[in-house]
Amino acid sequence: MSKAGHFFQQKGVRDAFRILAWVPVGIFFTRHIYSLASVTGGSMQPTFNPNLSSSPLHHDVVLLERWSIAVNRFRRGDVVTLWSPQNPDLLTTKRIVALEGDLVNPLPPSPPTPIRVPPGHCWVEGDSKYQTRDSNTYGAIPLGLITSRVAYILWPWPRRGIVDNELPTKSKGRVKTLGQNFLQSKFGE
């Protein structure tokens with residue numbers, strides 16, 4: 001037997017290769033199915049980091065669900081992660097408030113003129129009333145910037161649970177959605 005053949009017969013080497021064989025599966029799982037993230041900042045308060053002002057070192061840890069984004073399943077109220085249209089190196093967390101075709105009455109700093117969300121776009125906003133940079137600043141965003149849906153709060157333990165998809169008060173009444181008949185005729189639902 002050659003030295004290489006003997007090397008691969010050693011138990012430690014065989015075990016290492018068995019473990020390494022699972023690396024592609026793990027990479028696929030975290031890129032396309034589920035992964036974990038830490039939410040920093042206050043733009044999504046009180047949904048995430050409600051006590052950030054008292055303890056800036058403690059951030060919410062969340063479960064990201066990627067499958068629904070991969071199959072283009074977007075819903076109003078979903079909390080999503082997306083690449084910032086102003087800084088492509090920054091991954092942010094926002095809530096989908098309006099989808100393609102919806103009419104939105106934006107908040108300042110946008111002008112108060114209603115905006116129709118263009119095809120392939122959505123309107124996102126942070127839950128915070130005071131410290132968020134969102135579609136009211138940069139307009140509707142392409143759906144292609146969205147990377148995942150935030151499904152579950154894992155930490156801190158007392159707040160663990162499914163992420164609420166209820167629109168915050170500041171967003172209610174400002175969006176006119178397309179009628180169900182239009183959606184049925186367009187998508188055959």
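**Close-up 1. The surroundings of K170 in the predicted model.** The side chain of K170 reaches the backbone oxygen of S128 at 3.1 Å, and it also reaches the backbone oxygen of G126 at 2.8 Å. K170 itself sits in the loop between β10 (161-162) and β11 (175-176). Although K170 is buried, it has no salt bridge; the nearest side chain of opposite charge belongs to D134 and is 4.1 Å away, whereas a salt bridge requires the nitrogen and the carboxyl oxygen to be within 4 Å. Among the residues that K170 touches, beyond those up to four places away in sequence, are L107, E125 and T132.

**Close-up 2. The salt bridge between E125 and R174.** The side chains of E125 and R174 meet with N and O 2.5 Å apart. E125 belongs to strand β7 (residues 121-125), while R174 lies in the loop between β10 and β11, 49 residues apart. Both residues are buried.

**Close-up 3. Two salt bridges that involve strand β2.** R159 pairs with D60, the closest N and O atoms being 2.8 Å apart, and this pair links the loop between β9 (146-155) and β10 with strand β2 (residues 60-65). D60 is buried, with a relative accessible area of 2%, whereas R159 is partly exposed, at 25%. E65 forms a salt bridge with R149 at 3.0 Å; because E65 lies in strand β2 and R149 in strand β9, the pair ties together parts that are 84 residues apart in sequence.

**Close-up 4. A nonpolar patch on the surface.** F17, L20, V23 and I27 form this patch, with about 360 Å² of accessible area together, and helices α2 (11-21) and α3 (23-32) each supply at least two of its residues.

Technical notes: Residues are numbered from 1 along each chain as its sequence is written. This is a predicted model: local features need pLDDT of at least 70, side-chain atom pairs count only at pLDDT 80 or more; totals for chains, interfaces and linings use all residues. Side-chain values use heavy atoms; hydrogens and water are left out. Helices (H or I, at least four residues) and strands (E, at least two) are DSSP runs, numbered from the N terminus. Buried means under 20% relative accessible area, exposed over 50%, partly exposed in between (1.4 Å probe, protein chains only). Lys and Arg count as positive and Asp and Glu as negative; His and the chain ends are not counted. A polar contact is a pair of N or O atoms within 3.5 Å; within protein, one must be able to donate a hydrogen and the other to accept it, and residues adjacent in sequence count only if both atoms are side-chain atoms. Contact means heavy atoms within 4.5 Å. Patches are made of residues with over 30% relative accessible area and no salt bridge: like charges are joined within 9 Å, nonpolar side chains (Val, Leu, Ile, Met, Phe, Trp, Tyr) within 5 Å. Accessible areas come from the Shrake-Rupley method with a 1.4 Å probe; for residues, only the protein chains shown count as cover.
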